[in-house]
Amino acid sequence: MAPLLLVLALGQAPTDLTSDRSLAIQALLDAARRHGDAARGAAVFASPRHACISCHRVGTVGGTVGPELTRIASELVPELIAESLLWPNARIREGFASTALATTDGRLIQGYRRAETDDHLELLEPTSGQLLTIPKAEIDEIRDAGTLMPEGLLAAMSEAERADLVRFLLDLNGPDAPSVAALAASIHTPPPFEPDRAPLDPAAWPSHTHFVNRDRIYDFYAKQADHFAPMHPVPSILPPFPGMDGGRLGHWGNQNEDTWKDPRWNNSDLGNLLAGVFRGPGQVIPKAVCLRLGDRGELSACFNPETLQYEALWTGGFLRFGDVRHGIMDGLILDGTPLPRPEPIRRAGPVRYKGYYRHGNRVLYAYTVDGIDYLDAPWAEDGRFTRVVAPAATHPLAHLTRGGPLRWPQELVTRGSLGTTRPFAVDTIEPPFDNPWNALLFFGDHDFLPNGDALLATIQGDLWRVSGLDGDLSSVRWRRVASGLHQALGLVVDPSGTPYVLGRDQITRLHDLNDDGEYDFYENFCNLYETSPGGHDFICGLQRDSSGHFYTASGPQGLLRISPDGSRVDVLATGFRNPDGLGLTSDETVTVPCSEGEWTPASMVCEIRPGGHYGYGGPRDPDTPPDLPLVYLPRGIDNSSGGQATIPDDRFAGLSGRMIHTSFGAGTAFLLLRDRVDGQPQGAVVPLPVEFRSGAHRARFRPQDGQLYVSGMAGWGTYTTDDGCFQRVRYAGGPVRLPGDLRVHANGVRIRFTDPLDPTIAAKPDSHFAQAWNYRYSAAYGSLELSPRHPDTPGHDPIRITAAHVLDDGRTLFLEMPDLQPVNVLHLRLRPDSGPATEAFATVHRLRPDFTGYPGYTPRDKVVAAHPILADMVALRTPPLPNPHQAPIPGARPITVEAGKNLSFNPRTLTVRAGEPIELNFVNPDAVPHNWTLIRPGALARVGDLVNKIVAEPDAARRHYIPASEDILFYTDITRPSDRFKIYFHAPNTPGRYPFLCTFPGHWMVMNGELIVEP
């Protein structure tokens, strides 16, 4: 857009105007005085779409192509300001009428005349400020070009933008002139804002003084709204969330791999069976069932349900665990001396694995061969491996398949505690952390038996039954009823009371064969989904619909639907990053959460369209955006998302039909509101004043009392205190005062509250505050919070609320917001009455038509902006930076480095000669991207700190997550799973130990090694 050149003639209003022009000027001034906002006008003035600030100076900022405007309101009457915008060529200040000329050598020059002689013409080139002297003999044509600002400048602006721009110019002479000028000067830079750390409501966050929360910033967005709302004018860009723990400690704040190191699982009594990803010498078995054999456990074996063979045998121990992320990442590691593998049995005909029976220390595997049921009973006799395989009908140990003695007869009693807050109290059902088996209690899911008792599964593979959940929780009884399951992160109890436990290997249907309360037959209900050997490829959450279909979320595969008989698995949708659970809405639509990372700019909840792709892994088609989430979850409120639950009835605060969303990272929960506009799901989350003692995975409502029960666990990246938790959120009475429904229109937002509003407060626009921001969809790890109006600028845009209306029902508030556009996050800070303010975080993909149900509605023209993801799709076509180390070096020695499982290099140490030419082949067979980067000695911590701080930058992926540092010597590109990359370089000339690392986000602290340079 050409510059805005305003006439600066002193004196009175123009007198030579036609009546039509005079009316247009007066209408523009009236609109500016009634509806215009100087702060918004400053944003229009500085907008790249209009480029006013590129040519005009206000205060100390701006260009010099046109006149300085700092004192325009004191030098120019309002009518001349309006006229100059509407008809730029009507009056042109002396010295700012441009001249255009063409020279004999074909040049075209335009500028302001500064001097003229018989032989030469001097022009000031407006954009560069250069004074040009052109011989008249070289001028072929010359003409007056008038102002550089074209007619119709305002036609590119909305009605509101025109009024705001004029108001901004008028107010440059008013009492707010200094602040308005400063606003224009800082239009691209958010003002400083450093809130205190403590929560606004300490009672809702009882662990806010705990060590894990020592750097945490609570309620950032609410504090930001409260800080800037009273300002007049409000700054045009507000600061983004600074990052976890204040943003000074890297992307993940003060937590890292050292924080999550934990070898305690090695101290647990594992019993005689445990399923998992088995890792033995030279072998990895994704769906393994390991067991001890013999009366004294003198042998151990690994059974593979996919081959029905014993793939490993060893003596001297059972299993051990690494310490990475509490031992969860490394799988089951052979602990002992390997022995020759048992001779496999060849079978004719189709086979199907059915599960296994447990009876004391004996385990009998069940499977069919060519339609005949078999039992396979391994054992150790005289130090030798034996097995008895025979048809089930004639097997000599068939009597062991009818239930055995109690394995865990102990009943452990704990005392719960009742919360005291209102309207929601959080009651703690204390787990038996001190138990006879040193079993860790990292809870992965829970559900309820028909009598109201709970079943809780742990990621370590145990199942616990909990009774005594009514009343004051003074005597809660815990019994261990199953064990050995493979990362149990999902659980459903059917109406008959039969539990289905989701493991990483299969869904196990459990049977109590002798009614003693423990489960004896671990039936393979369904094992048709994929199990990755990668340490972080979890399968999470289990739901069952009214027709009997099961649903679960798999990182590698996507959303899975399992038939009621377990015989079929369908992939319903893809593109989910680390989906930790799922939910079923009241109409049995599936919701799936995702956690921020590459191709997932922020944590989010998706409402599933069958066949949809929700972005992870990149778009399927470079010209087609992925399916959009129901709601984005800002990093300051949820950095790692758990599952959802639907509120079944009004016993829970009258909120029937709405959903609860849980946060693993923040240890809290939200009311999840859903909407649909032209078929596009969109919604909002409303923070609930609740805190849990561990990362919240799962939420279910207990039919007996209608209240919310939440289970969770530790693992990584959670602001919580305990290994695991089982807690109840109880509606304790009193007003809830929360938004219960939210609808976004082209002219504002309509919010229906759970309780009546106080119109003396709610009907004031100043009682509320709105701001918005976007994310960038890309291969970068997460995204900064970006200004919608300035897409490359980190920050939030305040959204003007021009009026607030309490509607006739007394519960619904309509906020007029004429400038609202599609945005990834719309944050609303709301005061419905004299109590504390509340807030909502909405995702606005589409706008409903104008809401007209309030007095004084006036239709206005509005151009709705394109969805922000469309710009991101264009950016994706920009190629990454080329690698500078790909030129072949003759005679280079080839070296191969592989990315190992669970964040490792293989080999971890390389040795080269000083100056030796090297051909480095980096191979990545892992499930996630990696690179290989060589740095200077002693620089690992420095480079790692830079890596932590680069991960959320929009161009980080394009730079292969290589920070700008002289410490970096050579690097490969980010290499995708199952791919490879080759570079060439000369080894450093100085002998020493040179670290190498993977700079992909979150990897460097574990994934590093050394290049030893010898003389």
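This passage describes cavities, strand pairing and selected loop residues in a predicted model.

The search for enclosed space covered the whole structure and returned nine cavities of 30 Å³ or more. The largest cavity holds about 140 Å³ of space. Its lining is made up of 22 residues, and those closest to the centre are Val277, Ile328, Gly331, His486 and Gln487. Strand 8 (residues 273-280) supplies the largest share of this lining, with five residues. By residue class, the lining of the largest cavity consists of 11 nonpolar, eight polar and three charged residues.

Strand 42 (residues 708-713) was examined together with its pairing partners. Six of the six residues of strand 42 are buried, so the strand is largely enclosed by the rest of the structure. In a regular strand, side chains point alternately to one face of the sheet and to the other. For strand 42, cover is found on both faces: Leu708, Val710 and Gly712 are buried on one side, and Tyr709, Ser711 and Met713 are buried on the other. Strand 41 (residues 695-701) runs antiparallel to strand 42, and six bridges join the two. Within this pairing, Tyr709 of strand 42 stands opposite Arg700. The hairpin formed by strand 41 and strand 42 has six residues between the strands, and Gly706 in this hairpin takes a positive phi near 70 degrees. Strand 42 also pairs with strand 43 (residues 724-731), again in the antiparallel sense and over six bridges. Here Leu708 has Val729 of strand 43 as its bridge partner.

Two open sheets of four strands were also analysed. One has the strand order 44-45-49-48, and its pairing is antiparallel. Its edges are formed by strand 44 (739-745) and strand 48 (803-806); each has a single partner strand, so one side of each is left without a neighbour in the sheet. From one strand to the next, the twist averages 15 degrees. Strand 45 (residues 748-753) and strand 49 (residues 812-816) run antiparallel and are joined by five bridges. Ile751 is bridged to Leu813 in strand 49.

The other open sheet has the order 53-52-55-58, with mixed pairing. Strand 53 (904-906) and strand 58 (979-986) are the edge strands, each pairing on one side only. Neighbouring strands of this sheet are turned against each other by 25 degrees on average, with direction ignored. Strand 52 (residues 893-900) is joined to strand 53 by three bridges, and the two run antiparallel. Ala899 has Phe905 of strand 53 as its bridge partner.

Backbone geometry was then considered. Most peptide bonds are trans, and most residues other than glycine have a negative phi. A cis peptide bond with omega about 0 degrees joins Asn906 and Pro907. Pro907 is placed in the loop between strand 53 and strand 54 (909-913). The peptide bond from Arg422 to Pro423 is likewise cis, with omega near 5 degrees. Pro423 lies in the loop between strand 19 (412-414) and strand 20 (424-428).

A positive phi is found in Leu473, where the angle is near 60 degrees. This residue belongs to the loop between strand 23 and strand 24 (476-482). Leu473 counts as buried because its relative accessibility, 0%, is under the 20% cut-off. Trp599 also has a positive phi near 60 degrees. Its position is in the loop between strand 34 (590-594) and strand 35 (603-607). With a relative accessibility of 10%, Trp599 counts as buried.

A further loop residue, Gln460, was examined for its side-chain contact. Gln460 is located between strand 22 (454-458) and strand 23 (463-467). At 5% relative accessibility, Gln460 is classed as buried. Its side chain reaches the backbone nitrogen of Phe442 at 3.5 Å.

Technical notes. Residues numbered from 1 in each chain as written. Predicted model: local features only at pLDDT ≥ 70, side-chain atom pairs only at ≥ 80, totals over all residues. Heavy atoms only, no water. 1 Å grid on protein atoms, 1.4 Å probe; cavity = no way out; pocket = protein on both sides within 12 Å on 5 of 7 lines; lining within 4 Å. Points joined across faces, edges and corners; volume = space filled by probe spheres on them. Nonpolar A, V, L, I, M, F, W, Y, C, P; charged D, E, K, R; others polar. Pairing = 2+ DSSP bridges. Axes fitted to C-alpha atoms, helices over the stretch in contact; angles between N-to-C directions. Buried < 20%, exposed > 50% of the residue type's maximum accessible area, 1.4 Å probe, protein only. Polar contact = N/O pair within 3.5 Å; in protein donor to acceptor, adjacent residues only side chain to side chain.
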